[in-house]
Amino acid sequence: MREAIEPLVAIAIAGGTTGEAAARTIAAMPLAWSAPALEALDDAEPGVRRAAGLRRREATA
């Protein structure tokens with residue numbers, strides 16, 4: 001499963017519903033494996049961030 005993380009990150013960053021599914025899959029993996037991947041998703045689109053369980057970003061004015 002560890003080998004799947006890198007391709008899943010690329011799919012998640014691409015966005016859309018497939019990206020959201022990839023983000024949910026990453027979030028379901030052990031944190032020891034997925035922590036760097038979740039950090040990589042920090043700049044992803046909002047739907048992907050939500051699917052990964054990442055905190056919502058605060059708007060800046």
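Which residues does Arg 49 touch, not counting residues up to four places away in sequence? The views below come from a predicted model, and the first one takes up this question.

**View 1. Arg 49 and its neighbours in helix α4 and beyond.** Let's start with a single side chain. Arg 49 sits in helix α4. Is Arg 49 buried or exposed? Its relative accessible area is 7%, and because the cut-off for buried is under 20%, Arg 49 counts as buried. Leaving aside residues up to four places away in sequence, Arg 49 touches Leu 41, Asp 42, Ala 44, Leu 54, Arg 55, Arg 56 and Arg 57.

**View 2. The two sides of helix α1.** Helix α1 spans residues 5-14, and its buried residues are Ile 5, Leu 8, Val 9 and Ala 12. Looking down the axis of α1, you will find these buried residues within an arc of 105 degrees, so they line one face of the helix. A handy reminder here: an α-helix has 3.6 residues a turn, so residues three or four places apart point the same way. On the face of α1 turned away from the buried side are the exposed residues Glu 6 and Ala 14. And what covers the buried residues of α1? The cover includes α2 (16-28), α3 (31-40) and α4 (46-51). Just after α1 comes Gly 15, which has a positive phi, near 85 degrees.

**View 3. Where α1 meets α2.** Here is a useful way to read this view and the next: two packed helices are described by the angle between their axes and the distance between the axes. The axes of α1 and α2 come within 7 Å and cross at roughly 140 degrees, which makes α1 oblique to α2. This crossing of α1 and α2 is left-handed. From α1, the residues taking part are Leu 8, Val 9, Ile 11, Ala 12 and Ala 14, and they meet Gly 16, Thr 18, Gly 19, Ala 22, Ala 23, Thr 25 and Ile 26 of α2. Sorted by class, the contact of α1 with α2 has 8 nonpolar, 4 polar and no charged residues.

**View 4. Where α1 packs on α3.** Now turn to another partner of α1. The axes of α1 and α3 are 10 Å apart, at an angle of about 25 degrees, which makes α1 roughly parallel to α3. The crossing of α1 past α3 is right-handed. Ile 5, Val 9 and Ile 13 of α1 make this contact with Trp 33, Ser 34, Ala 37 and Ala 40 of α3. By class, the contact of α1 with α3 has 6 nonpolar, 1 polar and no charged residues.

**View 5. The buried and exposed faces of α3.** Which residues of α3 are buried? They are Ser 34, Ala 37 and Leu 38. Around the axis they cover an arc of only 105 degrees, which puts them on the same side of α3. The buried residues of α3 pack against α1 and α2. The face turned away from the buried side of α3 carries the exposed residues Ala 32, Pro 36 and Glu 39.

**View 6. A closer look at Ala 32 in helix α3.** Ala 32 has a relative accessibility of 70%; because exposed means over 50%, Ala 32 counts as exposed. Ala 4 lies 28 residues away from Ala 32 along the chain, and the C-alpha atoms of the two are separated by 14 Å.

How values were computed. Residues are numbered from 1 along each chain as its sequence is written. This is a predicted model: local features need pLDDT of at least 70, side-chain atom pairs count only at pLDDT 80 or more; totals for chains, interfaces and linings use all residues. Side-chain values use heavy atoms; hydrogens and water are left out. Buried means under 20% relative accessible area, exposed over 50%, partly exposed in between (1.4 Å probe, protein chains only). Helices (H or I, at least four residues) and strands (E, at least two) are DSSP runs, numbered from the N terminus. The arc is that of the directions from the helix axis to the C-beta atoms. Contact means heavy atoms within 4.5 Å. Axes are lines fitted to C-alpha atoms, for helices over the stretch in contact, and angles run from 0 to 180 degrees between N-to-C directions. Angles under 35 degrees count as roughly parallel, over 145 as roughly antiparallel, 65 to 115 as roughly perpendicular and the rest as oblique. A crossing is left-handed if the near helix is turned anticlockwise from the far one by less than a right angle, and right-handed if clockwise. Ala, Val, Leu, Ile, Met, Phe, Trp, Tyr, Cys and Pro count as nonpolar, Asp, Glu, Lys and Arg as charged, and the others, Gly among them, as polar.
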